[in-house]
Every structure is written in C-alpha cells, then in structure tokens.
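This briefing goes through one protein structure, topic by topic. Please look over the sequence and the 3D view before reading on.

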Amino acid sequence: MYPWCDPSGRFSVFKLTVFVLLLVPGCFILWPVIAGGGATIPVKEAILESGDWAIRMVLISLLITPLRRMTRASKLVQIRRQVGLAALGYGLTHLMLYALTQSWDVLRIANEILARIYLTIGFVALTGLVILGATSTKSAMRKLGKNWARLHKASYGIGVLAAVHFFMQSKIDVSEATLMAGFFVALMLYRVAHARDWSLRSPLVLVMVAVVSGLMTAGIEYAWYGLATGVPPSAVLAANFEVMWPLRPAWNVLLTGLFIAVVSLFGRDAIGREWVGQIASTLFVRPRRSHGG
C-alpha cells in the first residue's frame, strides 16, 4: 500500500500530508551533508540531528493511541505505522552517518558498539525498531495474532533505551534528553491512567498527568546530575522554580501536557465543541421575528 492511501486503497490527503511532513526533517538533515560532499562537520551535526528525530518519532508514535482516545479521532490510527517507520528510517540514517565517519569499516564499527556502552544501548534500541518495522505489515499481524500486540509493546522498552542513549551521549547539557524523557513519562502515564479505567477524556485526569509528569521530569534531571555528573543537583532542581528562558524541561513537559488537555476538550463529542456551537449559535443565528398583527 502506498503511504498516501487509506486502508481501502483510496488516495488520502491526510496521509499524504503526514508523509511529506515526516520527510521534511530528513531533507534538512541530509542536504548539508550532500552539499558539503561528506565534510566532517555537517556529518557530525547530521548524526546528532537524525538521532534526535529518531527518538522524537518514537514518542510521536506512542502519542497516537492516547491522543485517539482523548479526541476520538479514529483517522490517527492510519498514520501510526507511518510514524513508526519514520522512527526506523531516522534511526538507520543515524547509524549510516556514523558508519560514514568510520569509513564504512564494519569491524571497527562493531568494536566501537561493543566497547562503548551508550553505543550498545543505542544499537539495541535500533535493532528493536527494525524488528517492529519488519512486523508492521498486515501479513505479519495475521501470522502473529495476539502475539503481535505483545511484541509491539516492546516500543516502550525502546523508548527507555533511546532516552538512556540520549542522556549518555549528551554529557553535561542534558536538557533535550531530559525533555524527551519527560515526554516519555507522560506517554506512559496516559497508558497507566487508561489501564486503571481513568478516562483520557477527563480534563482532570489529563491535568493530573501533566503535573505528575512535570514533577517526574524535574526528578529525572535531578537524579542524572546527582549520579552521573559533578554538577550540584540541588542547583539544577532549584532552577526549575525560577522563571527563565528557555524554559526548563520540566516546565515544557507540564505546559505541553496542559495544552493536550485543552486540545482534548475539542475532540469528537467533547464539551469544548458544544461550547463553541452554543457561542456560534448565539452570535450568528438571528432570532425569528414574529409576523403577528
């Protein structure tokens, strides 16, 4: 099936738009490498950016199911495979660009992956993405049956490994890695809430998830600086209570969670749509005039 066709095989503007948007970051990443003829600096930057986009795509793919439950937008299911394959594509690009810096020496690359723990973790995560990508077809779903859903829950573990890999290669400045970890925590909390039969259409539940995930993000940042660096973790934690720009990761996770809570109000059959309808009818529907004598 073409990526711009819906499950029935018909052309879909929605899927085509998503397909193009998924390709745009890759074009920006690879163009400097191509234009520079494989020069060292563009390749190193492209390695980092492709890795960043790989984990972003993993997180977006994990967002689709809870977002569908919040908004009842059933079309979102149609792009889950696209986004998952995009994560795989950016992950493979990340590896290929690294291989380019190693002059495509397979033995050297293998030794580096085995010798450096953060590379080992990243490679395991990428291997997981390859397995999920290879089993994302309809034929694989039919063959695996109930085991297919169990297998694809490995995406949760892949998210953890990707976040750890991100932290370890970031060294001192782990703001972006902390942000991705915080988003992952929020996505897991949405699933915990659903498993406990807490409605993801409840603004209260979504606000609770936003607050808890924001606090946990601050905790993750505190733990990392305390365990893995020489930076005083208390100073980092205190920074989360100061107003500064750019915002700390914990605040970004909190505000994103609150934004999603607001978006959920305007999903199908949600109260926000009812409010908008009532306001629109008040403003634009003229009262009928009486024709009596």
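Helices here are DSSP runs of H or I with at least four residues, and they are numbered from the N terminus. By that numbering, aspartate 197 lies in the loop between α9 and α10. The model is predicted. The points below cover one helix, two residues with positive phi, two pockets, the salt bridges and a residue ahead of α1.

**Helix α2**

- Helix α2 covers residues 40–71, which makes 32 residues.
- At 1.5 Å a residue, α2 should span 46 Å, and its end C-alpha atoms are 45 Å apart, so the expected and computed values agree.
- A bend of about 30° occurs in α2 at isoleucine 64.
- Proline 66 follows isoleucine 64 within four residues.

**Positive phi angles**

- Most residues other than glycine have a negative phi.
- Arginine 72, which is not a glycine, has a positive phi of about 60°.
- Arginine 72 comes just after α2, in the loop between α2 and α3.
- With 42% relative accessibility, arginine 72 counts as partly exposed, because that class lies between 20% and 50%.
- Aspartate 197 is not a glycine either, and its phi is positive at about 65°.
- Aspartate 197 has a relative accessibility of 71% and therefore counts as exposed, the cut-off being over 50%.

**The largest pocket**

- The largest pocket holds about 1,300 Å³ of space.
- Its lining is made up of 44 residues, and those nearest the centre are Arg80, Arg81, Gln82, Gly84 and Ser136.
- Two or more lining residues come from each of α1 (13–35), α2, α3 (80–101), α5 (117–134), α6 (138–144), α7 (146–152) and α8 (154–170).
- Which helix gives the most to the lining of the largest pocket? It is α3, with 11 residues.
- By class, the lining of the largest pocket has 23 nonpolar, 14 polar and seven charged residues.

**The second largest pocket**

- The volume of the second largest pocket is about 730 Å³.
- Of its 28 lining residues, Ile47, His94, Leu119, His165 and Gln169 are closest to the centre.
- The elements that give two or more residues to this lining are α2, α3, α5 and α8.
- Helix α2 provides the largest share of the lining of the second largest pocket, with eight residues.
- The lining of the second largest pocket divides into 17 nonpolar, eight polar and three charged residues.

**Salt bridges**

- How many salt bridges does the structure hold? There are four salt bridges, and the pairs described here are among them.
- Aspartate 6 and arginine 10 form a salt bridge through their side chains, at 3.7 Å from N to O.
- Aspartate 6 is buried, because its 12% relative accessibility is under 20%.
- Arginine 10, with a relative accessible area of 57%, is exposed.
- Arginine 56 forms a salt bridge with glutamate 176, and their closest N and O atoms are 3.0 Å apart.
- Arginine 56 belongs to helix α2 and glutamate 176 to helix α9 (residues 175–195), so this pair ties together parts that are 120 residues apart in sequence.
- Arginine 56 counts as partly exposed at 23% relative accessibility, and glutamate 176 counts as partly exposed at 31%.
- Glutamate 221 forms a salt bridge with arginine 248, with the closest N and O atoms 2.3 Å apart.
- Glutamate 221 is in helix α10 (residues 203–228) and arginine 248 is in the loop between α11 (233–239) and α12 (249–264), so the pair ties together parts that are 27 residues apart in sequence.
- Are glutamate 221 and arginine 248 buried or exposed? Glutamate 221 is buried, with a relative accessible area of 0%, and arginine 248 is buried, with 16%.

**Tyrosine 2**

- Tyrosine 2 sits in the segment before α1.
- At 55% relative accessibility, tyrosine 2 counts as exposed.
- Between tyrosine 2 and leucine 161 there is a separation of 159 residues in sequence, and their C-alpha atoms are 31 Å apart in space.

Notes:
Residues are numbered from 1 along each chain as its sequence is written. This is a predicted model: local features need pLDDT of at least 70, side-chain atom pairs count only at pLDDT 80 or more; totals for chains, interfaces and linings use all residues. Side-chain values use heavy atoms; hydrogens and water are left out. The expected span of a helix is 1.5 Å times one less than its number of residues. The bend at a residue is the angle between axes fitted to the seven residues ending there and the seven starting there. On a 1 Å grid over the protein atoms alone, a cavity is a set of points where a 1.4 Å probe fits but cannot get out, and a pocket is an open set with protein on both sides within 12 Å along at least five of seven lines; lining residues have an atom within 4 Å of a point. Grid points are joined across faces, edges and corners, and a volume is the space filled by probe spheres set on the points. Ala, Val, Leu, Ile, Met, Phe, Trp, Tyr, Cys and Pro count as nonpolar, Asp, Glu, Lys and Arg as charged, and the others, Gly among them, as polar. Buried means under 20% relative accessible area, exposed over 50%, partly exposed in between (1.4 Å probe, protein chains only).
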